[in-house]
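Me: I've got this one open and I'd like to zoom in on a single part instead of touring the whole thing. Could you walk me through one helix pairing and then follow the thread outwards from there?

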Amino acid sequence: MTFKQLKVAVYADGADKDAMIAEYKKGYVTGFTTNPSLMKKAGVTDYVTFAKEVCAAIPDLPLSFEVFGDDFETMEKEAKVISALGKNVFVKIPIMLTDGTSTAPLIKKLSEQGIQLNVTAIFTIAQVRAAVHAFKAGTKNIVSVFAGRLADSGIDPIPVMKKTSKICRSKPGTMSLWASTRELYNLVEADECKCDIITVPNSVLAKIPGMGTTPMAGSKNTVLTFAKDIKDLGFSILK
């Protein structure tokens with residue numbers, strides 16, 4: 001399958017502003033997501049300034065920024081600040097607090113206020129149902145299921161993602177998202193599961209130009225790579 005044959009929307013997952021802008025200019029992705037871990041990795045020191053700069057640089061594609069609070073009152077205040085950054089902004093709300101409390105009541109409250117949400121850190125169908133049920137009809141929201149992390153724990157994410165897509169389609173405006181992508185083939189899997197979106201790190205996005213390469217071409221390219229490395233090494237087996 002080639003990239004152009006995919007129906008799933010591809011979002012870039014990262015918090016390096018320069019890298020986000022670079023991906024934006026390439027034209028492969030149609031949205032961007034961030035999270036606290038990615039911001040830590042990218043060395044972001046001022047959240048609001050970072051978010052404002054990204055919104056200014058990418059004004060016409062969906063952008064997801066996550067709240068940092070761990071209680072409903074703080075999260076609601078943060079959600080309003082984030083939402084006010086732009087009409088293309090989605091506020092990321094984890095499906096639970098650190099003590100395991102469901103955030104469904106907060107999701108319902110924010111959705112009723114017209115805030116676009118991206119409910120994240122979802123691993124189960126029950127969590128998917130809770131999020132979708134909490135969304136106000138007629139609003140636009142995203143349900144992010146961590147398919148890659150499910151696979152990391154030895155669980156096949158495909159059945160979960162297929163059910164997630166079906167549940168999300170039951171409420172217009174709700175989009176299913178395959179999160180924690182590990183390899184390029186996940187794009188094909190997400191597409192086959194009828195997911196609306198897949199978030200992809202830059203390291204995987206870099207492999208998109210190779211989509212559609214035939215096995216024989218791949219074999220030859222590998223041999224050519226070996227030959228180049230052999231020449232660079234300058235080793236000799238035979239004396």
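What follows is the detailed request and then one long answer.
Which residues of α1 meet which residues of α3, and at roughly how many degrees do the axes of the two helices cross?

Reply: Happy to. One thing up front: this is a predicted model, and everything below is computed from it.

A bit of context before zooming in. The chain has 11 helices and eight strands, and its C-alpha atoms fill a box of roughly 75 × 40 × 35 Å along the principal axes. Of the 239 residues, 46% are buried. Among contacts with a separation of 6 or more, 63% are between residues 24 or more positions apart.

Now your helices. α1 covers residues 17-26 and α3 covers 47-57. Their axes come within 11 Å and cross at roughly 15 degrees. Anything under 35 degrees counts as roughly parallel, so that is what we call α1 and α3. The crossing itself is right-handed. On the α1 side, the residues involved are Lys17, Met20, Ile21 and Tyr24; on the α3 side, they are Phe50, Glu53, Val54 and Ala57. Sort those by character and you get six nonpolar, two charged and no polar residues. The numbering has a familiar rhythm, too. An α-helix has 3.6 residues a turn, so residues three or four places apart point the same way.

Lysine 17 deserves a closer look, because at 27% relative accessibility it is neither buried nor exposed but partly exposed. This lysine belongs to α1. Leaving out residues up to four places away in sequence, lysine 17 touches Phe50, Glu53 and Val54. Alanine 57 isn't in that list, but the C-alpha atoms of lysine 17 and alanine 57 are 9.0 Å apart, with their positions 40 residues apart in sequence.

From here, phenylalanine 50 is the thread to pull, since α1 meets α3 partly through this residue. A search of the whole structure turns up four aromatic pairs. One of them joins phenylalanine 50 to phenylalanine 65, edge-to-face, with 6.3 Å from centre to centre and 90 degrees between the planes. That pair ties helix α3 to strand β3 (residues 63-66), 15 residues apart along the chain. Both phenylalanine 50 and phenylalanine 65 are buried.

For contrast, another of the pairs is stacked: phenylalanine 123 with phenylalanine 146, at 5.8 Å centre to centre and 20 degrees between the planes. Here both partners sit in loops, phenylalanine 123 between β5 and α6, phenylalanine 146 between β6 and α7, and they are 23 residues apart. Buried means under 20% relative accessible area, so phenylalanine 146, at 14%, is buried. Phenylalanine 123, at 32%, counts as partly exposed.

Back to phenylalanine 65, which leads to one more aromatic residue. Phenylalanine 90 lies in strand β4 (residues 89-94), and phenylalanine 65 is among its contacts. At 4% relative accessibility, phenylalanine 90 counts as buried. Setting aside neighbours within four places in sequence, the contacts of phenylalanine 90 also include Pro62, Leu63 and Ser64, then Gln116, Leu117 and Asn118, then Lys140, Asn141 and Ile142, and finally Met175. Its C-alpha atom is 9.0 Å from that of threonine 33, a residue 57 positions away along the chain.

Helix α6 (125-134) follows the loop that holds phenylalanine 123. Its buried residues are Ile125, Gln127, Val128, Ala131, Val132 and Ala134. What covers them includes the helices α5 and α8 along with the strands β5, β6 and β7.

Strand β5 also holds a backbone oddity. Alanine 121 is placed in β5, and its phi is near 65 degrees, a positive value in a residue other than glycine. With a relative accessible area of 31%, alanine 121 is partly exposed. Lysine 194 likewise has a positive phi, of about 65 degrees, without being a glycine. Its setting is the loop between α9 and β8, and at 58% relative accessibility lysine 194 counts as exposed.

To go back to your question: α1 and α3 are roughly parallel, they meet through four named residues of α1 and four of α3, and phenylalanine 50 also pairs with phenylalanine 65, which in turn contacts phenylalanine 90.

Note on methods:
Residues are numbered from 1 along each chain as its sequence is written. This is a predicted model: local features need pLDDT of at least 70, side-chain atom pairs count only at pLDDT 80 or more; totals for chains, interfaces and linings use all residues. Side-chain values use heavy atoms; hydrogens and water are left out. Buried means under 20% relative accessible area, exposed over 50%, partly exposed in between (1.4 Å probe, protein chains only). Contact means heavy atoms within 4.5 Å. Axes are lines fitted to C-alpha atoms, for helices over the stretch in contact, and angles run from 0 to 180 degrees between N-to-C directions. Angles under 35 degrees count as roughly parallel, over 145 as roughly antiparallel, 65 to 115 as roughly perpendicular and the rest as oblique. A crossing is left-handed if the near helix is turned anticlockwise from the far one by less than a right angle, and right-handed if clockwise. Ala, Val, Leu, Ile, Met, Phe, Trp, Tyr, Cys and Pro count as nonpolar, Asp, Glu, Lys and Arg as charged, and the others, Gly among them, as polar. Rings of Phe, Tyr and Trp (its six-membered ring) pair if their centres lie within 6.5 Å; planes under 30 degrees apart count as stacked, over 60 as edge-to-face and the rest as tilted.
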